[in-house]
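Me: I would like a close look at a single part of the model below. Please treat it in some detail and then place it in the context of the chain.

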Amino acid sequence: MPPLGAYALVAAVAAVGTYVAMFPLRSLAVRIGFVAEPDERRIHTRVTPYGGGVAMFVAFLVAMMVASQLPQLRSVFQGSSEPLGVVLGAAVIFAVGLADDIRDVSAPAKMAGEVLAAMVLVYLGVTMVQFKIPLVGFIVLSSGSQWIPLLTALWVIVITNAVNLIDGLDGLATGIVAIASGALAVYGIRLVDQGQLSADNLGPLIAVIAFGVCIGFLPHNFHPARAFMGDAGALFLGLLMAAATMEIGGRQPEGSGQTFFFFAPLFIPLFILGVPIADMAFAFVRRTAKGTGFHTPDLDHVHYRLLRLGHGPRRTVVILWAWTALLSGFLLYPLFASKANAFIPFGVVVLGLALYTLFHPGLRKDAPPLEGGEGGEPPALAPTPGDGGRAVPDPVDQPVGPPQSPAGPVPRNGKGATPQAGNGAYGVPVAAPAATPETVADSN
C-alpha cells in the first residue's frame, strides 16, 4: 500500500511553505525593486513583485528534506542518487530563470541552461529507462545508451518551454500545473498500488511536491495577481513535471501501458499537460510558417484566442483549467475502469475537434477584434489625479500610446524588455465598453 499519509504531509509542507514564504518575499521584492511596474506599455495596473519562483524553490527544498526523514518514504532516498539529481537540476533551471527575471537572458543562453539542467538529471540517473511506442513496440534503454542524454534534453526543453509559454495570465500556469501534477501523482500512486511501478519510484513524490507548491502560490497569483512567479517559477515547475513524467512514464514494465492506459506511458504528458504542449506546438508551426523565430512573441496563444472570443481573464483561466482537468480525467479514468480504454481514442478525437473549433477565432464571426489589430499595442496606462497613483486605462477615444512605426509596436514583458524565449509576459486587452475598458493583468 503506498504511503498516502506521507505524501499528503509532504504536499501540505510544500503548500504551506510556499504560501507563507511569499509574504516576506513580496515585501523584500518591493524594497529591492524586483517588481513589474505599470507604464504605457504594460497591462497590469499596479506595481507587482516577483518572487514566486523563489518561494516555490525554497518550499521544494524543505519538502524534500521532510520527505527524506519520513520512514514511509525512506526507500525512495536510500541507495539512490535520483533525489539529489532532481534537487541539483531544479537549482540549475531555477538559477537560469531567476537570471532572466533580473536581467533578460538571450534565448540561446536560456536553452543552454535547460540542457545543462537535463545533463545533471542524466548524470544522476533521472532519465527514461524503458517505454512503449504504439505500433513500434517496447524499447529498453541501456544505462550507457547514447540516446539517453538526447531524449532527456529534448524532454526537459519541451516540458519547461510548454509551461513557460502558457504563463501569460494570472494563475494560468500555476493552476494548470497544479491539476496536471495532482493527476500525475494519483496515476503514479495507483500504479504503485497495483504493483506496476516500484515502491521506491521518485516520480509520485516529485509530482506531489509540484502540486503542493502550486497550491501554495495560487492565492498570491490568481487574478488580480499580488505576485508573479517569473521565469524562475515557470522553468522550475517545468523541470519538476519533466522529471516526474520521466520517472513514472519511463519506468513502467512492459504491458502496463495496455492495462492501465490505451496509449503508451510515454504519452502521459500529452494528456495532463495537453493544453500547454498543444499551445507550444501550434506556436512552433505558426511562427515557422510566418518565417519568424520560435522565440518571437505573438498574440495567438490559446489564452489570447479565448480573450478575443470575449472571455475575461478569470473566465479564460478557468476554462483552460477545466480543459486540463478533463484531459487529466482521460488519464485517470482507465486506472479505475479498465473497460474505458476502448473509448479513449474516440474521446480524444472529440476533444481535439472541440478545442480547434472553440479556440480558433477565425471560426467565430462575432469575435471582438483586439485593440490595435494583430500584434497591436495594449491600451496605455497612466496615473490619474485622485487615484492614489494607481494606473488606470486611458479613455478609449484618446490616442493610445506613442506614435507607431510601419512595422508595428513591439510588445513588452513585465521586466520592461522584449520578451525572450517563452516568457509569455505580455497581455492582450479584450474589447470593452468605452466607459470601462477592461485590461488583463500581466502574470509574468
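In what kind of interaction do the side chains of Arg190 and Asp193 meet, and what is the N to O distance?

Reply: The model is predicted, and what follows is to be read as a description of that model. The side chains of Arg190 and Asp193 meet in a salt bridge, with 4.0 Å from N to O. A salt bridge requires a side-chain nitrogen of Lys or Arg within 4 Å of a carboxyl oxygen of Asp or Glu, and Arg190 and Asp193 are accepted with their 4.0 Å. Both residues belong to helix α7, which spans residues 172–193. Because they are three residues apart in α7, about one helical turn separates Arg190 from Asp193. As for the surroundings, Arg190 is partly exposed at a relative accessible area of 22%, and Asp193 is partly exposed as well, at 36%.

In general, side chains of opposite charge can pair when their charged atoms come close. The model has three salt bridges in total, and Lys110 takes part in the two described next. With Asp100, the closest N and O atoms of Lys110 are 3.2 Å apart. Lys110 lies in helix α5 (residues 107–123) and Asp100 in helix α4 (residues 82–102), so this pair ties together parts that are ten residues apart in sequence. Lys110 counts as buried because its relative accessibility is 1%, and Asp100 is buried too, with a relative accessible area of 0%.

Lys110 also forms a salt bridge with Asp231, where the closest N and O atoms are 2.7 Å apart. This second pair links distant parts of the chain, since Asp231 lies in helix α9 (residues 230–249), 121 residues from Lys110. Like Lys110, Asp231 is buried. Asp100, Lys110 and Asp231 are accordingly linked in a network of salt bridges. The contrast in setting is clear: Lys110 and Asp231 are buried, whereas Arg190 is partly exposed.

A contact without charged residues is found elsewhere, between α1 and α2. Two packed helices are described by the angle between their axes and the distance between the axes. The axes of α1 (residues 4–32) and α2 (residues 52–69) come within 8 Å and cross at roughly 145 degrees. This crossing is right-handed. Among the residues making the contact are Val10, Val13, Ala14, Gly17 and Leu25 of α1, together with Gly52, Val54, Ala59 and Val66 of α2. By class, the contact comprises 14 nonpolar residues, three polar ones and no charged ones.

Just ahead of α2, Gly51 sits in the loop between β2 (48–49) and α2. Gly51 is buried, its relative accessible area being 7%. Leaving aside neighbours within four places in sequence, Gly51 is in contact with Met22, Leu25, Phe34 and Phe228. Met22 and Leu25 also belong to the α1 side of the contact with α2. In addition, the C-alpha atoms of Gly51 and Ala29 are separated by 6.7 Å, although these residues are 22 positions apart along the chain.

For the chain as a whole, the model contains 15 helices and six strands. Of its 444 residues, 53% count as buried. Among contacts with a separation of 6 or more, 76% involve residues 24 or more positions apart. The accessible surface comes to about 18000 Å², of which 67% belongs to carbon and sulfur atoms.

Notes
Residues numbered from 1 in each chain as written. Predicted model: local features only at pLDDT ≥ 70, side-chain atom pairs only at ≥ 80, totals over all residues. Heavy atoms only, no water. Axes fitted to C-alpha atoms, helices over the stretch in contact; angles between N-to-C directions. Helix = DSSP H or I, 4+ residues; strand = E, 2+ residues; numbered from the N terminus. Left-handed = near helix turned anticlockwise from the far one by under 90°. Contact = heavy atoms within 4.5 Å. Nonpolar A, V, L, I, M, F, W, Y, C, P; charged D, E, K, R; others polar. Buried < 20%, exposed > 50% of the residue type's maximum accessible area, 1.4 Å probe, protein only. Areas by Shrake-Rupley, 256 points an atom, 1.4 Å probe, with all protein chains shown as cover.
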